[in-house]
Amino acid sequence: MNETSGRENTPKGQPGSIWLREVKQRPARQPLSREQIVQAAVRLLDEGGVRNLRMRQLADSLNSAPMSLYWHVSTKDDLLELAIDAVFPDPPARSGTGDWRDDIKAGATDLFEVLLRHSWMIELMGGHPPVGPRALAHTSAIIEILEQAHFSPRQLDSALSAIYYYTVGAALSEASWQAMARQSAESEEEWVSRLGPYLGMATQSHPASLGDYVKRSASSSTGQRFHDGLECMVSGMGQMRSQDCSQDS
């Protein structure tokens, strides 16, 4: 807040001393910050995806002129990279159990939930690799967990790929189902129920195990499907870790 300057008149028209009158306050003109712009961009992306983010619309949402945005971000692509990093989850902290498996599952789950909450990230990450400060901090924390669990460098590289490939891939699969349900103005359960007869017919020419899988998948929740796959992946990482790979290192 800025104080007004200069002398003002009293009700009787006499100049008033600044010490004898109430000091008026007025809000200082606060210039836009990059953080404000990115936060507003994230809101627009959450509301309508990548197509919903236009620089003019973003400027309007900030009560600003479009050109003022370019003092902070040179291009829309720059802004998209900043938005991805802004919503990246915090680095996973070490759990009280001291079990590396719990820590890896926590870090992967946090990222999965963020990707579903901000599903536009999945689309953008195909052309905007997440290499911002928050993304690197998350990756660094995962690496530290694996190092402290005594993964060899080669094992660590394989585990790191598995964690991120599985998590992003799972989020992409789940987000596509959710998007289809939204487009149909139905809940995910309603959409899957309506899809059931088609899937029943389509799987008849395949082994019964495919139809059984489809039924089980349709009756499980998004979180449960991700958790079950994550457990399988982490179990495999544990088996790899226990193997003697000294000849490959």
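How much of the protein chain, with its 249 residues, is made up of buried residues? In this predicted model, the buried share comes to 33%. As for the fold itself, the chain holds 11 helices and four strands. Contacts that reach along the sequence also turn up: if we take contacts with a separation of 6 or more, 65% of them join residues 24 or more positions apart.

Helix H11 (residues 222-242) is a good place to start, since H8 packs against H11 and so does helix H5 (residues 100-117). Take H8 to begin with. The axes of H8 and H11 sit 11 Å apart, at an angle of about 165°. Angles over 145 degrees count as roughly antiparallel, so H8 is roughly antiparallel to H11. The crossing of these two helices is right-handed. On the H8 side, the residues that touch H11 are Gln155, Ser158, Ala159, Ala162, Ile163, Tyr166, Thr167, Ala170, Glu174 and Gln178. Their partners in H11 include Phe226, Gly229, Leu230 and Met233, along with Met237 and Met240. Sorted by character, the residues of this H8 and H11 contact split into 10 nonpolar, six polar and three charged.

Now for H5. The angle between H5 and H11 is about 145°, and their axes are 10 Å apart. Here too, H5 passes H11 in a right-handed crossing. From H5, the residues involved are Trp100, Arg101, Ile104, Lys105, Ala108, Thr109, Phe112 and Leu116. They meet a set of H11 residues, among them Glu231, Val234, Gly238 and Arg241. This contact of H5 with H11 is made up of nine nonpolar, three polar and four charged residues. Some H11 residues show up in both contacts: Phe226, Leu230 and Met237, for instance, meet residues of H8 and also residues of H5.

Staying with H5, what about Val114, which has its place in that helix? Buried means under 20% relative accessible area, and Val114 has 5%, so Val114 is buried. Leaving out neighbours within four places in sequence, Val114 is in contact with Val87, Pro89 and Met121. Pro89 is 25 residues away from Val114 in sequence, yet the two C-alpha atoms are 6.7 Å apart in space.

Next come two residues with a backbone twist worth a look. Most residues other than glycine have a negative phi. Which sign does the phi of Asn63 have? The value is positive, about 55°, although Asn63 is not a glycine. Asn63 lies in the loop between helix H2 (55-61) and helix H3 (66-69). Its relative accessibility is 77%, so Asn63 counts as exposed. His150 tells a similar story, with a positive phi near 70°. His150 is found in the loop between helix H7 (133-148) and helix H8 (153-183). Because its relative accessibility is 64%, His150 counts as exposed.

One last stretch comes from a database record. An unreviewed UniProt entry lists residues 54-73 as "DNA-binding region". In the model, that span is 55% helix and 0% strand, and the C-alpha atoms at its two ends lie 13 Å apart.

Notes. Residues numbered from 1 in each chain as written. Predicted model: local features only at pLDDT ≥ 70, side-chain atom pairs only at ≥ 80, totals over all residues. Heavy atoms only, no water. Buried < 20%, exposed > 50% of the residue type's maximum accessible area, 1.4 Å probe, protein only. Axes fitted to C-alpha atoms, helices over the stretch in contact; angles between N-to-C directions. Parallel < 35°, antiparallel > 145°, perpendicular 65-115°, else oblique. Left-handed = near helix turned anticlockwise from the far one by under 90°. Contact = heavy atoms within 4.5 Å. Nonpolar A, V, L, I, M, F, W, Y, C, P; charged D, E, K, R; others polar. UniProt positions renumbered as here; feature names shortened; annotations may be inferred.
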